[in-house]
Amino acid sequence: MTGTEGLVFQTRDRRLLEALETMRVVDRDQAMAVAGFHSITRANTRLLRLKNAGLLRRLFVGSRAGNRKALYVLSGKGAAIAGVRLWHLNRRHVDRLVVDPLIEHQLAVNAVRILINTPTATALAVQLKIWTVFPEPISASVPLAPDGYFELESTTDCHPMFLEVDRGTEGQRIWKKKTESYLRLALSGEFAKRFKQERFRVLVVANSERRIDSIRAAIAKHTDKIFWFSTFEFINRDGFWSPVWFRPKGDQRQSLL
């Protein structure tokens with residue numbers, strides 16, 4: 001259909017705008033993955049057109065190579081056209097972001113989300129059913145704001161999971177509180193009431209195996225259930241659906257399904 005500024009609004013444009021409701025901010029590669037672009041040139045051209053039409057805002061960060069890297073977020077206009085909620089990022093229309101931990105964290109969360117939707121998932125007959133984010137804690141009694149909640153649906157079952165991406169900034173005291181809150185969510189019946197599912201897992205993805213071992217040790221003092229752990233290195237190398245996951249206790253790697 002015809003959009004604004006002479007833009008012919010395409011299916012992949014809508015797919016990108018709708019994904020940005022929960023992905024919040026994406027770089028070009030992430031935009032290509034969720035929208036279905038197969039050419040970098042076409043992706044660059046399309047993102048620029050969406051930006052010029054006022055459907056996206058473009059921001060810049062400094063890359064490790066010393067160049068500028070473009071990031072994209074929804075504009076108010078884009079959110080209205082797609083019929084989705086807008087993530088309010090307090091930045092100017094064009095801005096160079098030297099350091100922004102919130103954005104770096106969100107890009108890491110997005111990377112995990114994209115890794116879930118791989119050809120392996122199709123082969124396993126698993127589909128990402130929903131993805132939910134939490135601008136506010138789940139409830140007053142469960143002060144958790146996970147990085148994401150999603151449900152993986154197979155031919156025989158539904159697998160509800162929370163995602164926690166750890167970038168090494170949270171100490172053991174925070175993980176103790178998170179563990180207690182997740183256990184309360186599981187045992188109080190509030191999870192079943194809120195999400196209409198019986199049980200859940202918590203996936204924790206960190207930057208290093210050493211960091212994972214530290215978090216596992218903290219959580220294992222309270223439970224050997226619910227939690228699953230991996231690293232970006234393991235997942236990127238072997239795949240999200242491979243045996244790359246540890247439990248709170250033990251050294252054997254397991255697969256999620």
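Contact is taken here as heavy atoms within 4.5 Å. In this predicted model, and leaving aside neighbours within four places in sequence, Leu163 is in contact with Val109, Val112, Trp131, Pro146, Asp147, Gly148, Phe150, Leu203 and Val205. Leu163 belongs to the largest nonpolar core, which has 47 residues; Phe162, Leu163, Leu203, Phe240 and Trp245 are the members that touch the most others. A second core, separate from this one, consists of 26 residues, among them Leu16, Leu20, Leu50 and Ala70.

The structure also contains 14 salt bridges. One of them pairs Lys129 with Glu153, with 3.6 Å between the closest N and O atoms. Lys129 is part of strand β5 (residues 127-132) and Glu153 is part of strand β6 (residues 148-153), so this pair ties together parts that are 24 residues apart in sequence. Both ends are partly exposed: the relative accessibility of Lys129 is 45%, and Glu153 has a relative accessible area of 34%.

Another salt bridge lies within a single helix. The side chains of Lys176 and Glu180 meet at 2.6 Å, N to O. These two residues are four apart in helix α7 (residues 172-187), about one turn of the helix. Lys176 is partly exposed at 37% relative accessible area, and Glu180 is likewise partly exposed at 32%. Elsewhere, salt bridges with shared partners join Glu164, Glu170 and Lys178 into one network. Within this network, the side chains of Lys178 and Glu170 meet at 2.9 Å, N to O. Lys178 has a relative accessible area of 13% and is therefore buried, the cut-off being under 20%, whereas Glu170, at 23%, counts as partly exposed.

Terms used:
Residues numbered from 1 in each chain as written. Predicted model: local features only at pLDDT ≥ 70, side-chain atom pairs only at ≥ 80, totals over all residues. Heavy atoms only, no water. Core = buried A, V, L, I, M, F, W, Y, C linked by side-chain atoms within 4.5 Å. Buried < 20%, exposed > 50% of the residue type's maximum accessible area, 1.4 Å probe, protein only. Salt bridge = Lys/Arg side-chain N within 4 Å of Asp/Glu carboxyl O.
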